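Dear colleague,

Please find below the structure I promised to hand over. My notes on its salt bridges follow.

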Amino acid sequence: MKRRPLPVAAALAASAALLLTACGGGDDKPDNDKIAGADQGSATPKESAKPSTAPTENKPDGVDLSLPKDMNLVFDWDKPKNKSEAAAMDDAANFFRAIYRGVDKRTANDAAVAAYATGDGLKYARTQIEAWIEGGWTATGTLRHYDATTRSAETGTSVEVAFCADSSKFYGKEVETNKVLTTKPSIDDFDHYKIIMVKYPTGEGLWQASKVFVETKAEKCQ
């Protein structure tokens with residue numbers, strides 16, 4: 001068995017998270033070419049989420065994002081020339097690292113989650129982590145993210161980061177037994193994400209995921 005992004009009903013039931021599943025096969029850009037959720041500001045994170053003036057290899061904003069060696073998150077994409085969009089893309093990746101750090105540490109309240117998520121993005125992250133914990137699973141293998149695009153709001157305070165994810169080599173692992181729950185490759189392994197990243201007002205270069213839109217079984221990602 002492999003953990004999937006939760007469908008709408010399950011996510012809402014778990015923690016009232018706003019997890020929107022897009023319809024496949026059509027143009028899923030927001031109406032009038034506006035970024036969905038772009039008007040949502042960034043909430044003030046807890047003290048532990050403030051950026052550090054001395055980041056290390058696993059602490060880009062002074063928050064530990066280290067993962068176990070068998071949990072490999074790959075972000076196979078080129079950074080845009082726009083500095084804000086590049087920073088938002090980096091922190092969209094950090095948002096996913098934070099989620100799987102929470103899975104590994106068995107807590108939805110890790111400092112990294114508070115640093116890189118706010119609003120509905122924070123609810124989404126905690127819902128995902130709690131589902132893994134409740135199932136008794138951690139993760140192992142390689143989760144690849146690719147075909148990324150970015151789009152800025154006119155205000156410059158939010159950026160949409162869209163990309164594909166391939167989990168065909170990424171599996172659940174039972175915490176108690178260490179049994180890896182392998183699956184056969186299928187369309188279920190491909191998801192398309194749109195993450196609305198908002199700029200943290202008092203943090204230099206820090207962006208947080210405020211909304212998460214997921215299209216599961218995404219044929220365009222195969």
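Is Lys123 buried, partly exposed or exposed? Lys123 counts as partly exposed, because its relative accessibility is 38%. Please bear in mind that this is a predicted model.

Lys123 takes part in a salt bridge with Asp120, with a distance of 4.0 Å from N to O. Both residues belong to helix H4 (residues 119-135), where they are three residues apart, about one turn of the helix. Asp120, in contrast to its partner, counts as buried, since its relative accessibility is 15% and the cut-off for buried is under 20%.

A second pair joins Arg144 to Asp76, and the closest N and O atoms of this salt bridge are 3.1 Å apart. Arg144 is located in strand E3 (residues 137-152) and Asp76 in strand E2 (residues 71-76), so this salt bridge ties together parts that are 68 residues apart in sequence. Arg144 is partly exposed at 33% relative accessibility, and Asp76 is likewise partly exposed, at 43%.

The salt bridge between Glu215 and Lys220 has its closest N and O atoms 3.1 Å apart. Here Glu215 is buried, with a relative accessibility of 5%, whereas Lys220 is partly exposed, with a relative accessible area of 43%.

Finally, a network of salt bridges links Asp64, Arg101 and Asp110. The count for the model comes to ten salt bridges, and the pairs described above are among them.

With kind regards

Key:
Residues numbered from 1 in each chain as written. Predicted model: local features only at pLDDT ≥ 70, side-chain atom pairs only at ≥ 80, totals over all residues. Heavy atoms only, no water. Salt bridge = Lys/Arg side-chain N within 4 Å of Asp/Glu carboxyl O. Helix = DSSP H or I, 4+ residues; strand = E, 2+ residues; numbered from the N terminus. Buried < 20%, exposed > 50% of the residue type's maximum accessible area, 1.4 Å probe, protein only.
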